[in-house]
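Here are a few short exercises to work through with the model open. Try each task before reading its solution.

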Amino acid sequence: MTEKLLVIGSANADLVVSADRRPGGGETVLGGDTEILPGGKGANTAVAAARLGAEVALVGAVGDDPYGSVLLDSLRGSGVDTGLVRTSSRPTGIAYITVTPDGENSILVSPGANGSIEPADVEGIFDGVKTVVLSLEIPLPTVERAVAAAAEAGVKVLFNLSPAARISDATLAALDVLLVNEHEAAWLLGGELDDPKRLLDLGPKSAVVTLGARGVVVVTADGTIEVASPKVEAVDTTGAGDAFAGALAAAVTAGRSLVEAAKYAVKVAAISVTRRGAQPSYPTADEI
């Protein structure tokens with residue numbers, strides 16, 4: 001294993017439908033044609049980092065079906081090593097996404113093959129790895145074992161706690177960077193994001209809180225620094241958080257400080273929301 005950046009997480013086919021508004025309970029709303037696009041928090045993060053020039057591999061699972069082929073083609077086409085992506089007997093994960101004219105989205109995820117990633121799959125894979133990025137949408141025991149194994153191997157651990165879930169104190173204490181959006185941060189802190197510095201009381205060495213169009217807050221032992229996002233007109237916010245995570249990890253792996261990495265990553269995320277889809281929207285280093 002010679003890759004400097006390893007991503008452990010989900011791979012989903014995104015079934016995207018545009019609609020004037022999201023339906024309420026028991027309501028039918030007509031939408032546009034369905035687009036089938038490659039996605040999933042893990043695959044998105046890996047593709048975002050690879051397009052920026054990082055040497056990256058993904059640990060994940062897809063089904064033996066056409067959706068799995070779409071995902072593998074996108075990963076390989078972006079330069080991601082898929083040697084640790086295995087084929088499961090379960091169907092490829094699918095995200096059902098509705099996008100409204102303001103670029104906002106609502107997402108229902110069917111994990112499928114992602115649920116078959118086991119703790120044994122993350123053993124002995126950290127040789128030569130400088131940074132590992134993890135997210136959820138895969139089983140929590142696998143994530144927690146991966147964090148512990150990476151920390152034991154001396155690998156820098158960046159954990160995107162999305163979707164929010166209760167993780168152990170030991171896992172939190174092993175994190176170099178906890179990445180959350182403002183809603184996830186508030187949930188971790190008991191319902192209110194009154195002071196981001198309180199996130200460090202949970203155990204991680206540092207934290208980054210994403211604030212959507214407003215940018216991010218970087219939290220370290222030295223205090224908090226706000227990083228503003230470039231102002232753009234959003235077309236589709238799907239996968240923007242994953243674009244940020246991949247860019248942040250790529251920059252940290254390249255040796256940038258967390259603040260400098262965040263300044264770079266907000267540019268990547270801002271570009272991504274001006275284009276449709278998740279992985280197809282991610283820019284290259286030259287575009288930044």
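**Exercise 1.** This is a predicted model. Work out how the span of helix α3 compares with the one expected at 1.5 Å a residue.

*Solution.* Start by counting: α3 runs over residues 140-152, so you have 13 residues. The expected span is 1.5 Å times one less than the number of residues, and for α3 that comes to 18 Å. Now go from the first C-alpha to the last: the helix reaches 18 Å, close to the expected value.

**Exercise 2.** Find out which residues of α3 are buried, and what covers them.

*Solution.* Take under 20% relative accessible area as the cut-off for buried. Thr142, Val143, Ala146, Val147, Ala149 and Ala150 of α3 are buried. Next, look at what sits over them: the cover includes strands β1, β8 and β9, along with helix α4 (169-173). Before moving on, check just past the end of α3, where Gly154 has a positive phi of about 75°.

**Exercise 3.** Lay out the strand order of the 9-stranded open sheet, then place helices α1 and α7 on it.

*Solution.* First, the order: β5-β4-β1-β8-β9-β10-β11-β12-β13, with mixed pairing. The edges are β5 (81-88) and β13 (223-227), each pairing on one side only. From one strand to the next, the twist averages 15°.

Then zoom in on one pair: β1 (residues 5-8) and β8 (residues 131-135) run parallel over 4 bridges, with Val7 partnered by Val133 of β8.

Finally, the helices. α1 (residues 41-51) touches β1, β4, β8 and β9, at about 150° to β4. α7 (residues 258-272) lies across β10, β11, β12 and β13, at about 165° to β12.

Note on methods:
Residues are numbered from 1 along each chain as its sequence is written. This is a predicted model: local features need pLDDT of at least 70, side-chain atom pairs count only at pLDDT 80 or more; totals for chains, interfaces and linings use all residues. Side-chain values use heavy atoms; hydrogens and water are left out. Two strands pair if DSSP finds at least two bridges between them. Helices (H or I, at least four residues) and strands (E, at least two) are DSSP runs, numbered from the N terminus. Axes are lines fitted to C-alpha atoms, for helices over the stretch in contact, and angles run from 0 to 180 degrees between N-to-C directions. Contact means heavy atoms within 4.5 Å. Buried means under 20% relative accessible area, exposed over 50%, partly exposed in between (1.4 Å probe, protein chains only).
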